[in-house]
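Welcome, and thanks for taking a look at this one. Please keep the sequence and the 3D view open side by side while you read.

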Amino acid sequence: MRIGEVCLNTNDVVKLANFYKQLLETDNGSNAEVHQALIP
């Protein structure tokens, strides 16, 4: 099975995005505080 998209709600978008950027070894070039999308 392949997951196409997952939405995570958080009070700290930057912190959560940075966690997944490091985990997935990717970068989206964004530090937006409201919404970020990651493509591994």
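The report below goes from the overall picture to individual residues and their contacts.

## Overall picture

This is a predicted model, so please read every value here as computed from predicted coordinates. The protein has 40 residues, and 12% of them are buried. Its secondary structure consists of one helix and zero strands. The helix, H1, covers 13-24.

If you turn the model onto its principal axes, the C-alpha trace spans about 30 × 20 × 15 Å. The exposed surface comes to about 3900 Å², and 51% of this is supplied by carbon and sulfur atoms.

## A nonpolar patch at the surface

Start with the segment before H1, where Met1 lies. Met1 forms a nonpolar surface patch together with Ile3, Val6 and Leu8. Between them, these four residues have about 540 Å² of accessible area.

## Inside the helix: Ala17

Next, have a look at Ala17, which sits in helix H1. Its relative accessible area is 7%, and Ala17 is therefore buried, the cut-off being under 20%. Setting aside neighbours within four places in sequence, Ala17 is in contact with Gln36 and Leu38.

Val34 offers another reference point for Ala17: the two are 17 residues apart along the chain, and their C-alpha atoms are separated by 11 Å.

## Gln36 and its surroundings

Which residues does Gln36 touch, not counting those up to four places away in sequence? The list is Val13, Val14, Ala17, Lys21, Asn28, Ser30 and Asn31. Gln36 itself belongs to the segment after H1, while Ala17, one of the residues on its list, is in the helix. Gln36 counts as buried because its relative accessibility is 16%.

The side chain of Gln36 also has two polar partners worth displaying. With the side chain of Asn28, the Gln36 side chain makes a polar contact at 3.0 Å. The backbone oxygen of Ala32 is reached by the Gln36 side chain at 2.9 Å.

## The salt bridge

How many salt bridges does the structure hold? There is one, and it joins the side chains of Lys21 and Asp27, with an N to O distance of 3.9 Å.

The two partners differ in their accessibility classes. Lys21 has 8% relative accessibility and so counts as buried, whereas Asp27, at 59%, counts as exposed. Lys21 also appears among the residues touched by Gln36 and among the contacts of Thr26, so you may like to keep Lys21 displayed for the sections below.

## One aromatic pair

A search of the whole structure finds one aromatic pair. The partners are Phe19 and Tyr20, with ring centres 4.9 Å apart; their planes meet at 85 degrees, so the pair is edge-to-face. The angle is what decides the class here, because planes over 60 degrees apart count as edge-to-face.

Are the two residues buried or exposed? Each falls in between: Phe19 is partly exposed at 46% relative accessibility, and Tyr20 is partly exposed at 28%.

## Just after the helix: Glu25 and Thr26

Glu25 is found in the segment after H1 and deserves a look at its backbone. Its phi is near 50 degrees, a positive value in a residue other than glycine. As background, most residues other than glycine have a negative phi. Glu25 counts as exposed because its relative accessibility is 74%.

Thr26 is also placed in the segment after H1, but Thr26 is buried, as its relative accessible area is 19%. Beyond neighbours within four places in sequence, Thr26 is in contact with Lys21, Ile39 and Pro40.

## Pro40

Let us finish with Pro40, another residue in the segment after H1. Its relative accessibility is 75%, which means that Pro40 counts as exposed. Pro40 touches Leu24 and Thr26, when residues up to four places away in sequence are not counted.

Lys21 comes up here as well. Pro40 and Lys21 are 19 residues apart along the chain, and their C-alpha atoms are separated by 8.4 Å.

Technical notes:
Residues numbered from 1 in each chain as written. Predicted model: local features only at pLDDT ≥ 70, side-chain atom pairs only at ≥ 80, totals over all residues. Heavy atoms only, no water. Patch = residues over 30% accessible without salt bridge, like charges linked within 9 Å, V, L, I, M, F, W, Y side chains within 5 Å. Areas by Shrake-Rupley, 256 points an atom, 1.4 Å probe, with all protein chains shown as cover. Helix = DSSP H or I, 4+ residues; strand = E, 2+ residues; numbered from the N terminus. Buried < 20%, exposed > 50% of the residue type's maximum accessible area, 1.4 Å probe, protein only. Polar contact = N/O pair within 3.5 Å; in protein donor to acceptor, adjacent residues only side chain to side chain. Contact = heavy atoms within 4.5 Å. Phe/Tyr/Trp six-rings, centres within 6.5 Å; stacked < 30°, edge-to-face > 60°.
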